[in-house]
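Student: I have the sequence and the coordinates open. Can we go through the strands and a few residues one at a time?

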Amino acid sequence: MSLAAIGDGPNGSLVFGFETKGMIKMAQFDTATAKLSAVSTIAGSGPSKARFPALAVDGHGRTLMAWVRGAAWKKGGLLAWQLVGADNQPINTMSGGGQSVETWSFPAVVHETPNKFLVIY
């Protein structure tokens with residue numbers, strides 16, 4: 001099973017997060033011009049697949065992307081997250097995770113205030 005996430009981006013755009021080949025990727029769709037941005041890799045492949053993306057976008061166009069690494073059928077995994085700039089590029093100093101995610105669970109992300117996101121898992 002694969003999942004994708006869609007959120008409201010800056011200036012009426014849509015932000016997409018999706019999984020493919022064990023990686024989490026992201027793109028932005030400009031609704032005014034009907035153009036898709038270049039696709040950015042947020043979580044590369046590794047010994048355990050990245051799955052179940054979730055995202056939220058703040059008023060500055062930054063996106064917090066969260067996902068589960070290592071989840072499979074009847075198996076939980078580990079939470080991971082990455083803050084992504086308005087340019088769709090990861091902000092290298094703003095990432096984390098490592099908390100256990102139960103079997104059949106996946107994260108949700110909420111933008112609370114200008115500089116605060118909440119990850120629920």
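Student: Is Gln28 buried or exposed?
Tutor: This is a predicted model, so the values here are computed from it. Gln28 has a relative accessible area of 15%. Buried means under 20%, so Gln28 falls in that class: buried.

Student: Which strand holds Gln28, and how many of the residues of that strand are buried?
Tutor: Gln28 lies in strand β3. That strand has eight residues, and it is largely enclosed by the rest of the structure. The number of buried residues in β3 is six.

Student: Which residues does Gln28 touch, leaving out those up to four places away in sequence?
Tutor: Ahead of Gln28 in the numbering, the contacts are Pro10, Ser13, Leu14 and Val15. After it come Lys35, Leu36 and Ser37. The list of contacts is completed by Ala86 and Asn88.

Student: Which residue stands opposite Gln28 in the pairing of β2 and β3?
Tutor: β2 and β3 pair in the antiparallel sense over seven bridges. They form a hairpin with two residues between them. Opposite Gln28 stands Val15.

Student: Which residue in the turn between β2 and β3 has a positive phi?
Tutor: The loop in question runs between β2 (14–20) and β3 (23–30). The residue there is not a glycine, yet its phi is about 55 degrees. Its relative accessibility is 74%, and exposed means over 50%, so it counts as exposed. The residue is Lys21.

Student: What is the bridge partner of Lys25 in β5?
Tutor: β3 also pairs with strand β5 (residues 40–43). The sense is antiparallel, over three bridges. The partner of Lys25 is Thr41.

Student: How many residues lie between β3 and β4 in their hairpin?
Tutor: β4 covers residues 35–36 and is joined to β3 by two bridges, the two strands running antiparallel. In this pairing Phe29 stands opposite Leu36. Ala34, in the turn, has a positive phi of about 60 degrees. The number of residues between the two strands is four.

Student: Which strands stand at the edges of the open sheet of four strands, and why is one side of each left without a neighbour?
Tutor: The order in this sheet is β6-β7-β8-β9, with antiparallel pairing. An edge strand has a single partner strand, so one of its sides has no neighbour in the sheet. The edge strands are β6 (50–57) and β9 (90–101).

Student: By how many degrees are neighbouring strands of this sheet turned against each other on average?
Tutor: The sheet meant is the open one that contains β6, β7, β8 and β9. The average ignores strand direction. The value is 20 degrees.

Student: Which residue in β9 stands opposite Leu78?
Tutor: Strand β8 (residues 77–84) runs antiparallel to β9. Six bridges join the two. Opposite Leu78 is Ser100.

Student: What is the phi of Phe52, and is this residue buried or exposed?
Tutor: Phe52 is found in strand β6. Its relative accessibility is 10%, under the 20% cut-off, so it counts as buried. Phe52 is not a glycine, but its phi is positive, at about 60 degrees.

Student: How far apart in space are Ala108 and Phe52?
Tutor: Ala108 is found in strand β10 (residues 108–113). In sequence, Ala108 and Phe52 are 56 residues apart. From C-alpha to C-alpha, the separation is 9.5 Å.

Student: Which residues does Ala108 touch, again leaving out those up to four places away in sequence?
Tutor: Ala108 has a relative accessible area of 34%, so it is partly exposed. One of its contacts is Ala54. The others are Leu118, Val119 and Ile120.

Student: Which residue in β11 stands opposite Thr113?
Tutor: Five bridges join β10 to β11, and the strands run antiparallel. The two form a hairpin with two residues between them. The residue opposite Thr113 is Lys116.

Student: Which strands each supply at least two residues of the lining of the largest pocket?
Tutor: The largest pocket holds about 210 Å³ of space. Its lining includes Leu79, Trp81, Leu83, Lys116, Phe117 and Val119. By class, the lining residues are eight nonpolar, one polar and three charged. The strands asked for are β8 and β11 (116–120).

Conventions
Residues numbered from 1 in each chain as written. Predicted model: local features only at pLDDT ≥ 70, side-chain atom pairs only at ≥ 80, totals over all residues. Heavy atoms only, no water. Pairing = 2+ DSSP bridges. Axes fitted to C-alpha atoms, helices over the stretch in contact; angles between N-to-C directions. 1 Å grid on protein atoms, 1.4 Å probe; cavity = no way out; pocket = protein on both sides within 12 Å on 5 of 7 lines; lining within 4 Å. Points joined across faces, edges and corners; volume = space filled by probe spheres on them. Nonpolar A, V, L, I, M, F, W, Y, C, P; charged D, E, K, R; others polar. Buried < 20%, exposed > 50% of the residue type's maximum accessible area, 1.4 Å probe, protein only. Contact = heavy atoms within 4.5 Å.
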